[in-house]
4 protein chains.
Amino acid sequence: MAIVLGPNRYGKAETRVVRVTKDGGTHRIKDVNVSVSLSGDMDVVHLTGDNAPVLPTDTQKNTVFAFAKKYNVGEIEEFALLLARHFVDSQPTVHHARVEIEEYSWDRIPVEDNPHLGLRDEQHSFVRNGSETRTCLVHSDGTGGEESVVSGLKDLVVLNSTGSEFHGYIKDEYTTLEETDDRILATAVTAQWRHRGTSSDWGRSYRRARTCLLEAFAETHSLSLQQTLYQMGRRVLNDRREICEVRMAMPNKHHFVVDLSPFGLDNPNEVFFAADRPYGLIEGSVLDDDAPRSPSAWK
Amino acid sequence: MAIVLGPNRYGKAETRVVRVTKDGGTHRIKDVNVSVSLSGDMDVVHLTGDNAPVLPTDTQKNTVFAFAKKYNVGEIEEFALLLARHFVDSQPTVHHARVEIEEYSWDRIPVEDNPHLGLRDEQHSFVRNGSETRTCLVHSDGTGGEESVVSGLKDLVVLNSTGSEFHGYIKDEYTTLEETDDRILATAVTAQWRHRGTSSDWGRSYRRARTCLLEAFAETHSLSLQQTLYQMGRRVLNDRREICEVRMAMPNKHHFVVDLSPFGLDNPNEVFFAADRPYGLIEGSVLDDDAPRSPSAWK
Amino acid sequence: MAIVLGPNRYGKAETRVVRVTKDGGTHRIKDVNVSVSLSGDMDVVHLTGDNAPVLPTDTQKNTVFAFAKKYNVGEIEEFALLLARHFVDSQPTVHHARVEIEEYSWDRIPVEDNPHLGLRDEQHSFVRNGSETRTCLVHSDGTGGEESVVSGLKDLVVLNSTGSEFHGYIKDEYTTLEETDDRILATAVTAQWRHRGTSSDWGRSYRRARTCLLEAFAETHSLSLQQTLYQMGRRVLNDRREICEVRMAMPNKHHFVVDLSPFGLDNPNEVFFAADRPYGLIEGSVLDDDAPRSPSAWK
Amino acid sequence: MAIVLGPNRYGKAETRVVRVTKDGGTHRIKDVNVSVSLSGDMDVVHLTGDNAPVLPTDTQKNTVFAFAKKYNVGEIEEFALLLARHFVDSQPTVHHARVEIEEYSWDRIPVEDNPHLGLRDEQHSFVRNGSETRTCLVHSDGTGGEESVVSGLKDLVVLNSTGSEFHGYIKDEYTTLEETDDRILATAVTAQWRHRGTSSDWGRSYRRARTCLLEAFAETHSLSLQQTLYQMGRRVLNDRREICEVRMAMPNKHHFVVDLSPFGLDNPNEVFFAADRPYGLIEGSVLDDDAPRSPSAWK
């Protein structure tokens with residue numbers, strides 16, 4: 001037996017950047033959370049505390065802010081690639097960079113037609129659009145090296161109030177669940193999708209993929225959450241040639257029909273108790289069979 | 001010295017109800033979180049454990065579900081009043097009820113024009129609209145007794161990327177803050193407003209009050225967050241005669257301009273660090289001087 | 001109708017200070033979260049944005065850090081009083097200060113007898129003791145003015161696996177709960193207690209009050225959570241003459257006996273499902289009838 | 001291109017079980033959170049919604065409760081193995097089970113010597129010990145098949161108030177960090193360790209591994225958090241022959257020395273600001289070079 005160092009990485013997590021871009025009095029904002037993770041020739045750091053190979057996480061944070069100024073923050077996939085390549089390209093000891101970004105979206109506060117003030121020329125007021133968070137996860141071995149781009153979203157909470165059945169499953173000695181041909185199906189979608197390449201119309205691709213997920217959820221008459229998940233992934237792949245693999249995690253957020261019969265009331269799927277825990281959790285992936293293998297893209 | 005029982009109340013908190021209403025294949029959903037709190041002739045419960053005056057919290061929960069079926073869940077203020085009056089009117093030992101409701105809003109998933117399926121006749125798919133939460137807080141001494149209705153919202157996150165100054169404040173030996181005539185002003189608004197009476201067009205009143213808050217935030221050139229808060233409350237009172245008092249709590253979510261000069265970059269309010277803690281916290285109220293006093297409305 | 005400004009206050013919330021005190025190689029740490037809130041002559045701030053009366057929240061934060069150095073952080077009640085008095089005494093426009101502190105506790109990592117290193121002389125390693133949080137809430141109109149000190153704790157999670165009954169309550173048309181003479185009683189205690197004066201052996205008083213709460217919880221054969229709450233408050237008042245009022249909020253964290261009969265198993269209160277929501281919520285106060293009135297102490 | 005189903009799994013997450021064991025009036029409790037995930041011959045579930053291969057998550061939950069009764073809940077690793085084997089052994093379509101358990105620890109409330117009641121014979125009162133959470137993650141292909149057991153903990157928050165340096169790192173154009181030979185080192189340890197086999201004295205092994213982590217953290221004079229992490233893993237492997245691999249994730253919870261010089265105060269590492277975000281994140285593994293490979297053990 002000999003004790004050895006295994007896989008390792010380090011970086012600055014959750015640098016919260018808000019980037020304002022100004023076009024006269026009209027402002028745009030990008031609100032992101034950037035997490036960097038680097039790996040490479042770092043054995044001595046662990047074994048002896050020699051920091052010669054280390055680009056400090058503080059410097060990584062500074063770089064994020066400086067790049068936000070120099071290159072602006074456009075599509076998050078692009079900004080992540082820019083950062084990832086910079087760290088690997090500029091530091092001989094850094095062989096690999098992983099950059100993960102979350103983006104929070106904001107809407108303008110619609111004051112255009114407000115007669116109180118002449119605000120038409122000034123647009124600098126925003127309200128957070130608290131819907132799902134857009135995400136990306138980029139890996140890079142440096143410019144010209146192996147790279148992968150995964151886009152995604154999380155906390156897209158959706159619900160079908162009918163159009164969902166569940167029956168025909170295994171019954172064993174611990175089964176008490178009744179079969180049903182009508183239930184609520186609700187979930188909070190976490191989805192990530194891998195791109196074939198490293199350049200794309202990221203914004204358009206995101207909006208379309210999101211629409212595919214939503215539409216497939218809504219349009220699938222569901223016999224199981226697994227079936228719905230598969231249809232959602234399939235819809236994305238069918239619609240977007242630039243995407244080759246979709247991974248999803250979907251909790252089955254149980255909505256139980258309340259038994260109102262003790263009160264002389266029937267309840268034909270009208271009143272539900274929304275439970276917190278436990279919940280079902282369905283995880284699955286859908287991919288093109290010709291998708292290039294890239295297990296490290298998801299790590 | 002004699003030890004005595006002071007003010008007390010009890011109830012079922014956070015009953016999560018989803019109510020589906022069906023108009024043919026077109027469904028609507030109301031997604032609410034109901035918290036009931038009762039008080040009255042409860043001394044023996046505390047002193048001796050005699051539960052004769054107690055309507056169990058389990059029964060309160062059942063009542064919430066049964067009422068959701070019998071009376072539907074319309075505007076939350078109305079549903080809260082219905083519940084509060086029921087508890088006081090039906091139980092001699094219950095002299096007072098407090099009902100608090102949070103409502104989470106959902107949008108339809110727009111599948112109307114989708115050619116895949118003939119879904120025009122079926123509308124049962126929803127996506128959670130993760131913006132602010134609508135709230136209400138109702139107190140009732142029973143039908144015909146003293147009552148109050150407070151509506152509100154929380155987690156309305158807003159940001160002005162310019163149009164905010166801060167200067168002219170006290171300087172003492174612990175002052176290091178620089179004065180500024182241009183900063184980001186960002187906050188997560190919690191606002192509650194008290195109605196003069198107990199009937200109103202609650203939905204319309206809510207939407208208008210919300211718009212007043214948003215517009216006043218956007219249109220106020222701010223010299224202090226206090227000033228903005230006051231303008232927001234004032235706008236609501238000016239616009240809505242049915243409302244007599246507004247209370248707000250607004251954290252000053254600091255966005256610090258990052259010093260990029262070490263990297264040879266200027267930063268004219270373009271790149272900000274969004275800090276978590278500490279934060280300023282501004283709390284204030286604005287009211288009509290003829291508003292009836294009702295301190296218990298807010299408890 | 002005239003729109004007027006109502007009660008208001010402002011301050012810096014959640015300044016996170018860790019104070020290290022060194023006695024040779026032996027260190028002690030205090031880990032606190034300080035929230036300051038000031039009020040006074042602040043109308044112009046709201047009405048016109050004139051900040052002349054404002055001591056900025058940034059300065060409040062600086063003061064917290066500077067005082068942690070100058071006066072150390074001892075008992076949190078003392079540190080809160082020191083800060084509160086400073087703000088009122090030093091600023092004519094500040095008439096009242098409210099200081100709230102949370103303290104997180106740490107244990108030493110016991111390495112004393114470890115043969116690897118001669119660490120007996122160095123004590124600087126700590127592990128967070130993740131139990132309840134100690135709290136205090138201080139109000140001051142300045143040195144010599146009206147003042148109040150409330151100490152407390154939150155998230156003290158306790159459970160009796162028997163010794164709790166619940167029966168004899170009201171039955172109405174919405175009752176389905178079965179009476180029981182044996183159930184789990186579990187809660188997360190939030191308790192606050194008001195001191196008669198503004199000086200005390202705060203640390204000892206806290207430890208004794210906490211012990212009273214725990215022992216009364218454990219030793220009360222409970223017919224209702226209300227009864228338990230009352231006994232807990234009573235025990236504190238009986239034991240601690242320096243305390244004149246106790247307020248508690250105790251969620252009834254339901255543990256439901258799982259029905260295992262479908263699987264041919266009985267379940268004599270051995271297997272429970274710990275539910276999240278809804279939960280009962282019991283709030284109550286116990287006080288000396290000769291306690292000086294001080295409603296503002298709790299705000 | 002053909003769209004195909006990739007890896008998938010499903011199960012019931014976060015079943016919250018409290019198991020009471022009674023020895024006369026002396027009770028013991030185990031408080032756990034069980035998450036089950038099954039995979040196997042599930043293609044038709046996704047492709048056509050045919051649930052014939054599905055053991056519903058509701059049944060999984062029932063099984064957890066029934067097993068808690070039949071077999072008690074002892075060491076979580078054992079309970080997880082029991083469940084995992086059951087699901088695979090009993091269902092032909094289930095080829096693999098993953099069971100993850102979190103355990104929350106409780107202390108007795110010490111009322112033994114209390115004169116108020118004769119409680120010596122009754123021990124049923126507990127206070128939650130809010131320290132770290134014990135965890136395990138078990139994979140099983142069924143009795144006699146491939147299996148792995150990973151034990152661990154999370155949220156073990158530790159701090160060294162001195163004995164940590166950081167210097168000698170790369171300087172580039174984005175570097176502003178000053179080198180230091182004395183800083184606070186604080187982290188919240190998440191650690192998992194893989195066992196060589198599937199039987200052990202789990203409780204003793206856990207306690208010893210935990211002690212190794214704590215002691216190595218305390219006793220390492222740290223030149224980098226990576227070095228500390230490595231020493232912690234190394235200590236576990238040196239001490240516990242039954243463990244062959246340790247994986248850790250340790251956020252560098254920054255404690256910044258507050259600059260008090262504007263107030264005429266020096267600050268020789270006495271007053272710190274505890275920051276929330278961003279934070280460093282160090283992830284690494286330490287293993288025996290003769291450890292059997294088992295990448296799936298960690299998924």
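## Exercises on chains A, C and D

Four salt bridges are counted between chain A and chain D. The model is a predicted one, and the exercises below explore it step by step.

**Exercise 1. Find which residues form a salt bridge between A:Arg277 and its partner in chain D, and say how many residue pairs are in polar contact between the two chains.**

Solution. Start with the side chain of A:Arg277: its salt-bridge partner is the side chain of D:Glu14, with 2.7 Å from N to O. That value fits the cut-off, which asks for a side-chain nitrogen of Lys or Arg within 4 Å of a carboxyl oxygen of Asp or Glu. Then turn to polar contacts: chain A and chain D have 36 such residue pairs, with both residues at pLDDT 80 or more.

**Exercise 2. Work out which elements of chain A touch chain D, and which one gives the most residues.**

Solution. First list the elements of chain A that give two or more residues to this side: strands S1 (3-13), S2 (15-23), S3 (26-40) and S11 (279-288), together with helices H1 (43-48), H2 (57-70) and H5 (225-239). Next, look for the top contributor: S1(A) gives the most, with eleven residues. Finally, sort the side of chain A that touches chain D by class: 31 residues are nonpolar, 29 are polar and 17 are charged.

**Exercise 3. Describe how much area chain A and chain D bury between them, and which three residues of chain A supply the most.**

Solution. Begin with the contacts: 77 residues of chain A meet 77 residues of chain D. Together the two chains bury about 6,600 Å², and 53% of this is on carbon and sulfur atoms. Now pick out the leading trio: A:Ile3, A:Ile170 and A:Tyr174 supply 12% of the area that chain A buries against chain D, more than any other three residues.

**Exercise 4. Trace how S1(A) pairs with a strand of chain D, and find the bridge partner of A:Ile3.**

Solution. Follow S1(A) across to chain D: nine bridges join it to strand S11 (residues 279-288) of that chain, and the two run antiparallel. Within S11(D), A:Ile3 has D:Asp288 as its bridge partner.

**Exercise 5. Place strand S10 (residues 271-274) of chain C among its partners, and say which way its side chains point.**

Solution. Take the side chains first: C:Val271 and C:Phe273 point one way, C:Phe272 and C:Ala274 point the other way, and all are buried. Within chain C, S10(C) pairs antiparallel with strand S9 (residues 255-257) over three bridges, and C:Phe256 stands opposite C:Phe273. In chain D, strand S2 (residues 15-23) also pairs with S10(C) in the antiparallel sense over three bridges; there, D:Arg19 stands opposite C:Val271.

Terms used
Residues numbered from 1 in each chain as written. Chains lettered and ligands numbered in written order. Predicted model: local features only at pLDDT ≥ 70, side-chain atom pairs only at ≥ 80, totals over all residues. Heavy atoms only, no water. Contact = heavy atoms within 4.5 Å. Buried area = accessible area lost by both parts, 1.4 Å probe. Polar contact = N/O pair within 3.5 Å; in protein donor to acceptor, adjacent residues only side chain to side chain. Helix = DSSP H or I, 4+ residues; strand = E, 2+ residues; numbered from the N terminus. Nonpolar A, V, L, I, M, F, W, Y, C, P; charged D, E, K, R; others polar. Pairing = 2+ DSSP bridges. Buried < 20%, exposed > 50% of the residue type's maximum accessible area, 1.4 Å probe, protein only.
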